[in-house]
Amino acid sequence: MPSLLVAIFVVELVVQLVNSIGAATINSLIWRAVTSLPVPIAQEFADQRKKQKEYLAVRRELQATSSQDQFAKWAKLRRQHDKLLEGLEKKKTALDASRAKFDSYLTTARLISTRGVQWFLPFWYSKEPIFWLPYGWFPYYVEWFASFPRAPIGSVSIVVWQWACTGMITLIIETVVAAYGLAATVGEKAQKQAVPAGTAKVGDAGETTKSR
């Protein structure tokens, strides 16, 4: 079943990528993408930024105004300051609630489309062979294990194929991460050890001498 074979591989790849990148990071990236679109929530963020600029301008003017020498102006600015601050706090509370609801919906959708599918497919297709092993190439116990739990003997079951995909993808991701980390470490050491030719050295007496 080529389509099922590919579907299992894709699901396992997505699950491992989510585990490696992090659900919170993915949620933040999607949230930023959504708020950059022409949708009502993006307009609310634009209004909040506009009010923040207005609030900061009033705050700076309030701090530059003397409450004794310019009391009338100071009192007016103070009222504007407090009103803007109250409005910003309410807006922030509403936007935080919208973000929490968005994260909840996104997490539910991600779990259903990844973990749900990851558990459902092996349950529903447990008796279906993903592909057949070459006849007579493997001993019986290998064929039995490959068909675990309920696929026909001599075939590879969806569960075993899922295990194989998970192990292979995990190994590749760990290898890539390790190689990247090693390359970054070597690059940092090379930069620290690199000394440009002709760099001046400071002697003990405070005089500068050219390196030889």
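This is a guided tour of a predicted model, moving from a pair of helices to charged pairs, a nonpolar core and an unusual peptide bond.

**First stop: helix 3 and helix 4**

Begin by selecting residues 40-63, which form helix 3, together with residues 71-124, which form helix 4. Two packed helices are described by the angle between their axes and the distance between the axes. Here the axes of helix 3 and helix 4 come within 9 Å and cross at roughly 155°. Because angles over 145 degrees count as roughly antiparallel, helix 3 and helix 4 are described as roughly antiparallel to each other. If you turn the view so that one helix lies in front of the other, the crossing to look for is a left-handed one.

**Second stop: a charged pair between the two helices**

Keep both helices on display and add the side chains of Lys 73 and Glu 61, which form a salt bridge whose closest N and O atoms are 3.8 Å apart. Since Lys 73 belongs to helix 4 and Glu 61 to helix 3, this pair ties together parts that are 12 residues apart in sequence. Are these two residues buried, partly exposed or exposed? Lys 73 is partly exposed, at 39% relative accessibility, and Glu 61 is likewise partly exposed, with a relative accessible area of 36%.

**Third stop: charged pairs along helix 4**

The structure holds five salt bridges, and further examples can be found by following helix 4. Select Glu 86 and Lys 90, where the closest N and O atoms of the salt bridge are 3.6 Å apart; the two residues are four places apart in helix 4, about one turn of the helix. Glu 86 is partly exposed, with a relative accessible area of 43%, whereas Lys 90 counts as exposed, at 55%.

Then select Arg 99 and Asp 103, whose salt bridge has its closest N and O atoms 3.2 Å apart. These residues too are four places apart in helix 4, which separates them by about one helical turn. Arg 99 is partly exposed, with a relative accessible area of 24%.

**Fourth stop: the largest nonpolar core**

In soluble globular proteins, nonpolar side chains tend to be buried together. To see the largest nonpolar core of this model, select Leu 4, Ile 8, Leu 121, Ile 130, Leu 133, Ala 146, Val 156, Ile 158, Val 159, Val 160, Trp 161 and Cys 165, which are 12 residues in all. Helix 1 (2-21) and helix 6 (158-193) each supply at least two residues of this core, and helix 6 gives the most, with five residues.

Now centre the view on Cys 165, one of the core residues. Leaving aside neighbours within four places in sequence, Cys 165 is in contact with Ile 8, Phe 9 and Glu 12.

**Fifth stop: Gln 162**

Staying in helix 6, select Gln 162, a residue that is buried, with a relative accessible area of 10%. What does Gln 162 touch, not counting residues up to four places away in sequence? The contacts of Gln 162 are with Ile 8, Glu 12, Gln 118 and Pro 122.

**Last stop: a cis peptide bond**

Finally, select Pro 149, which lies in the loop between helix 5 (140-146) and strand 2 (155-157). Most residues other than glycine have a negative phi, and most peptide bonds are trans. The peptide bond from Phe 148 to Pro 149, however, is cis, with omega near 5°.

Key. Residues numbered from 1 in each chain as written. Predicted model: local features only at pLDDT ≥ 70, side-chain atom pairs only at ≥ 80, totals over all residues. Heavy atoms only, no water. Salt bridge = Lys/Arg side-chain N within 4 Å of Asp/Glu carboxyl O. Buried < 20%, exposed > 50% of the residue type's maximum accessible area, 1.4 Å probe, protein only. Core = buried A, V, L, I, M, F, W, Y, C linked by side-chain atoms within 4.5 Å. Contact = heavy atoms within 4.5 Å. Axes fitted to C-alpha atoms, helices over the stretch in contact; angles between N-to-C directions. Parallel < 35°, antiparallel > 145°, perpendicular 65-115°, else oblique. Left-handed = near helix turned anticlockwise from the far one by under 90°.
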